[in-house]
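Got your viewer open and a fresh cartoon on screen? Let's take a walk through this one, one selection at a time.

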Amino acid sequence: MKYRTTNELEHFDFEEAVVSRIEAANGRVKIVLDNVTILPENSCNRDIRKMRTHDFCLTLQEGKVSRLVEEGYKVYDADGNLKQTFEDRDLPEEQVAQGLEELAGLPVYRIAKEGTLYSMIVDGEDHSFRLEVEAEQDFGEWDRFLSMDSM
């Protein structure tokens with residue numbers, strides 16, 4: 001990878017990103033995303049304007065998946081009457097690896113960090129998922145900048 005940042009999560013915009021794949025092994029969680037916006041404040045962005053990249057690799061070092069949550073939702077009928085309520089559901093530890101695979105191809109709603117907790121919300125077809133990872137630091141890596149105009 002040509003470009004690398006350390007602990008600059010806030011200098012990227014992940015709202016239009018799509019999950020390519022997620023791997024969790026050997027003390028790190030690696031999230032590969034397409035269509036990530038690189039903000040002007042990013043230390044590697046010499047153009048000082050919003051740029052894009054594909055095959056962006058976000059590595060959470062000393063990372064461990066703490067939770068993968070299928071977020072709750074409500075189902076209404078055509079008249080707006082509540083039909084059913086589904087509560088948040090933590091995937092059991094033995095289902096987390098399969099759950100991470102199922103996130104591939106889904107759009108990212110948000111990636112945020114609070115202390116050492118990284119949280120990624122991914123939109124599914126009818127509800128969303130929340131991946132929570134405890135990690136010491138993050139590294140962002142990518143090969144090239146793409147102009148926003150060409151996309």
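Before we start clicking, one term: two residues are in contact here when they have heavy atoms within 4.5 Å of each other. Also keep in mind that what you're looking at is a predicted model.

**Stop one: Leu131.** Select Leu131 and show whatever surrounds it. Skipping its neighbours within four places in sequence, Leu131 is in contact with Ile22, Ile31, Val65, Arg67, Leu68, Leu100, Tyr118, Ser119 and Met120. Keep several of those names handy, including Ile31 and Met120.

**Stop two: the core.** Now widen the view to the largest nonpolar core, which has 34 residues. Pick out Phe14, Ile22, Ile31, Leu33, Met120 and Leu131, the residues with the most contacts inside that core. As background, nonpolar side chains tend to be buried together in soluble globular proteins.

**Stop three: a cavity.** How many cavities of 30 Å³ or more are there? The count comes to one, and about 50 Å³ of space lies in the largest cavity. To find it, select Ile31, Leu58, Leu60, Ile111, Tyr118, Ser119, Met120, Leu131 and Val133, which line that space. Colour the lining by class and you'll get eight nonpolar residues, one polar and no charged.

Next, turn the strands on. E7 (56–61), E13 (117–123) and E14 (128–134) each supply at least two residues of this cavity's lining. Which strand gives the most to the lining? That's E13, with three residues.

**Stop four: the largest pocket.** Select Lys64, Val65, Ser66, Glu93 and Val96 and centre on them: among the 19 residues lining the largest pocket, these lie nearest its centre. The pocket holds about 330 Å³ of space. Its lining is a mix of 10 nonpolar, four polar and five charged residues.

To see where the walls come from, highlight strands E3 (18–25), E4 (28–34) and E8 (64–70) along with helix H1 (93–102); each of these supplies at least two lining residues. E8 has the largest share, five residues.

**Stop five: salt bridges.** Side chains of opposite charge can pair when their charged atoms come close. The count for this model is nine salt bridges, so let's visit a few.

- Select Arg4 and Glu141. Their side chains meet in a salt bridge at 3.0 Å, N to O. This pair links distant parts of the chain, with Arg4 in strand E1 (residues 3–6) and Glu141 in strand E15 (residues 137–142), 137 residues apart. Buried or exposed, what is Glu141? Glu141 counts as buried because its relative accessible area is 18%, and the cut-off for buried is under 20%. Arg4, at 45% relative accessibility, is partly exposed.
- Move on to Arg21 and Glu23. Their closest N and O atoms are 3.0 Å apart. Arg21 is partly exposed at 37%, and Glu23 is partly exposed at 33%.
- Now try Asp90 with Arg67, where the closest N and O atoms are 2.9 Å apart. Here too, distant parts of the chain are linked: Asp90 is in strand E11 (residues 89–90) and Arg67 is in strand E8, 23 residues apart. Asp90 is partly exposed at 39%, and Arg67 is partly exposed at 30%.

**Last stop: a network.** Leave Arg67 and Asp90 selected and add Glu71, Arg130 and Glu132. Together, these five residues are linked in a network of salt bridges. You've also met Arg67 before, as one of the contacts of Leu131.

Methods. Residues numbered from 1 in each chain as written. Predicted model: local features only at pLDDT ≥ 70, side-chain atom pairs only at ≥ 80, totals over all residues. Heavy atoms only, no water. 1 Å grid on protein atoms, 1.4 Å probe; cavity = no way out; pocket = protein on both sides within 12 Å on 5 of 7 lines; lining within 4 Å. Points joined across faces, edges and corners; volume = space filled by probe spheres on them. Helix = DSSP H or I, 4+ residues; strand = E, 2+ residues; numbered from the N terminus. Nonpolar A, V, L, I, M, F, W, Y, C, P; charged D, E, K, R; others polar. Core = buried A, V, L, I, M, F, W, Y, C linked by side-chain atoms within 4.5 Å. Buried < 20%, exposed > 50% of the residue type's maximum accessible area, 1.4 Å probe, protein only. Salt bridge = Lys/Arg side-chain N within 4 Å of Asp/Glu carboxyl O.
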